[in-house]
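Welcome, and thanks for taking a look at this one. Below is a short tour of the model, from single residues to open and enclosed spaces.

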Amino acid sequence: MSIILLDDNLLKHIYSYLKLCDKPAFSLTNRKLHTIFYHYPLFDTIFRINHHNGYIKQHFLFRNIVNITVTSTIVDNKYLNMFGNLRYLDVSQVEFPSLKKVQNLVNHLPRSVINVIVMDDSVKELFKLGANFYQRTFHLKISKKRPPGNDLNVTGSSKRLRTPSPVCHIADKKLEECLLHRSRLKYACLCPEDFIPAGIFQKFPQLRNNNYTAAIDTVPIFDQGTMNKVSVATMEAASQKLKDMLVHSVVQTQSNHWIFVTQVEVYYHDKEIDDVAQVDEKNEYTDTLTVKMEKRQEGRGSWYELCFWCQRFEIVATGGLCNHENGSRDKLDAFLGVTIPSFIGKDSNPIFFSPNTPVQTVSCIRMLRNYKKEASLKKLCFKSSFFLDMDFTTPDQLNLYEEKEPNNGFISVCSKLINLAVYYHLNEEEYQGLENLLIKFEYWKSLGFEDAVSKDEMMSRLDHFKRTIKRGLSISKRLLVELVLTKQLNLNASILMTLYNGLIYPRVKSINKKRVKKMQEQLL
């Protein structure tokens, strides 16, 4: 037996009957499986009539209803708590304009609801997000309405359905992703606060004062000629505006993974202005600020980067906080360097939220391997002052000699040498200072000598290492000792890159790892 509420006349007949019956609820339900068609205005009328007359008959009338088919947009979900035994909910006839509407419905559904039937894949994904938000579990099914022309004919045979091709399956999946992304974009514009992870502000209450805006189809106002030929000053001014939008920004993916950006590096794709940037002629530049998860590969290694693009600007996130891989929304993790967690990098359709109020930052040089290029010393790396005070930033690789760490002898000398070389301050007097640093930590013991020996003996041992398989020291350390002892003034880019790759880069990775671990301990 089904109770169908479709119009006011039927509603009046039902209530006329209810007033005449001694126990109308049991007369109608009789503990059987019932289906009721939920139409909001009519339910609102039932609710108001019963309360106006002092009755609570709706609680009896709907007590045994286990199946509801929704026939109109649910304006108010407060009546759903009347269905204490509800098991099945059919919303296949309703379009949901935003995730907020779905979340509101899920929040008011009785805990007894198990099965939900929806219109299409996009609504199904919205219900998954809503269920995850309120920690609910549903068996979601897409409505399978019979296609037109598929009814039984006079002979009783049915029309044969074609097997869908793999291409159609892929296209349908892509269409489903696009529809869900479109819904998320609309919801992000209306309610950006629902996308900002609360865990960050619980750990760092000082950051709560900032509000966010979804940066969708955002076109930063630069000089009109930025897409074509610009000056260095224009590029640097635009970089300042971009860093105001990106430092402390939030990026959220379609699977609700997120990254809170704490530092960025800016590159401009024009070799005449920024000869450090890796320009690809296949790149298509647009005025709109966009965000992408890009996979990089070098040799056998691969990693993911979080990149922002705007006109010819490429901005790479080099530090930040993120959600933990176990899927918990409030459990936090951290990273330093260009590599972001792979489970976030593999996700799709990220949405970018920019802080309304720019935060304080500190500018420094970028993390590079070749510092002999003209633009390599430009301070286009921007670090959050808040996290800099917490020692959660990448180190200054050209000033590692200032750090007081154990076993830092060769690293200090190498960092000082590269610093002097790139700033063109290298001379014999500075070389003498570097040699004194080597003597201070007794570098000859690394060459196999017990006591200090002459420079000729040192050079002879270095030549011996070059000719034998057992070399004792790494190539970069041998090169460093040789340069200091021979006092070479003209150091080309190849020599500096060998020193950097062999000594500086491993130490930077080690420092980043220690700082990330320290931050992870604070986030627990």
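## A loop residue to start with

Is Gln 311 buried or exposed? This is a predicted model, and in it Gln 311 has a relative accessible area of 6%. Buried means under 20%, so Gln 311 counts as buried. You will find Gln 311 in the loop between β11 (301-310) and β12 (313-323). Its backbone deserves a glance too: Gln 311 is not a glycine, yet its phi is positive, near 55 degrees.

## Two more loop positions

Glu 442 also has a positive phi without being a glycine, with a value of about 55 degrees. Glu 442 sits in the loop between α13 (428-440) and α14 (455-467). How covered is Glu 442? Its relative accessibility is 33%. The partly exposed class runs between 20% and 50%, so Glu 442 belongs there.

Gly 84 lies in the loop that links β3 (65-70) and β4 (88-90). With a relative accessible area of 49%, Gly 84 is partly exposed, the upper cut-off for that class being 50%. From C-alpha to C-alpha, Gly 84 is 8.4 Å from Arg 111, while 27 residues separate the two in sequence.

## The whole protein

Zooming out, the protein contains 16 helices and 16 strands. It has 524 residues, of which 48% count as buried. About 28300 Å² is exposed, and carbon and sulfur atoms supply 50% of that area.

How are contacts spread along the sequence? Taking contacts between residues at least 6 apart in sequence, 68% join residues at least 24 apart.

## Helix α12

Does the span of helix α12 come from regular geometry, and what length should its residues give? Helix α12 covers residues 409-422, which makes 14 residues. The expected span is 1.5 Å times one less than the number of residues, so α12 should reach 20 Å. Its end C-alpha atoms are 20 Å apart, in agreement with that expectation.

Helix α12 is also mostly covered, as 13 of its 14 residues are buried. After α12 comes Tyr 424, which has a positive phi near 60 degrees.

## The largest pocket

If you are looking for open space, the largest pocket has a volume of about 1600 Å³. Its lining takes in 49 residues, and those closest to the pocket centre are Tyr 267, Gln 278, Trp 303, Glu 305 and Val 338. By class, the lining has 21 nonpolar, 14 polar and 14 charged residues.

Which element gives the most to this lining? That is α16, with 10 residues. Elements that each supply at least two lining residues include β9 (258-268), β10 (290-298), β13 (332-336) and α16 (493-523). Strands β11 and β12 are also among them, and these are the strands on either side of the Gln 311 loop.

## The enclosed space

Now for space that is closed off. The count comes to one cavity of 30 Å³ or more, and the largest cavity holds about 50 Å³.

Which residues line the largest cavity? They are Glu 265, Cys 364, Ile 365, Met 367, Cys 381, Lys 383, Thr 394, Pro 395, Asp 396 and Gln 397. Sorted by class, this lining has five nonpolar, two polar and three charged residues.

Technical notes:
Residues numbered from 1 in each chain as written. Predicted model: local features only at pLDDT ≥ 70, side-chain atom pairs only at ≥ 80, totals over all residues. Heavy atoms only, no water. Helix = DSSP H or I, 4+ residues; strand = E, 2+ residues; numbered from the N terminus. Buried < 20%, exposed > 50% of the residue type's maximum accessible area, 1.4 Å probe, protein only. 1 Å grid on protein atoms, 1.4 Å probe; cavity = no way out; pocket = protein on both sides within 12 Å on 5 of 7 lines; lining within 4 Å. Points joined across faces, edges and corners; volume = space filled by probe spheres on them. Nonpolar A, V, L, I, M, F, W, Y, C, P; charged D, E, K, R; others polar. Contact = heavy atoms within 4.5 Å. Areas by Shrake-Rupley, 256 points an atom, 1.4 Å probe, with all protein chains shown as cover.
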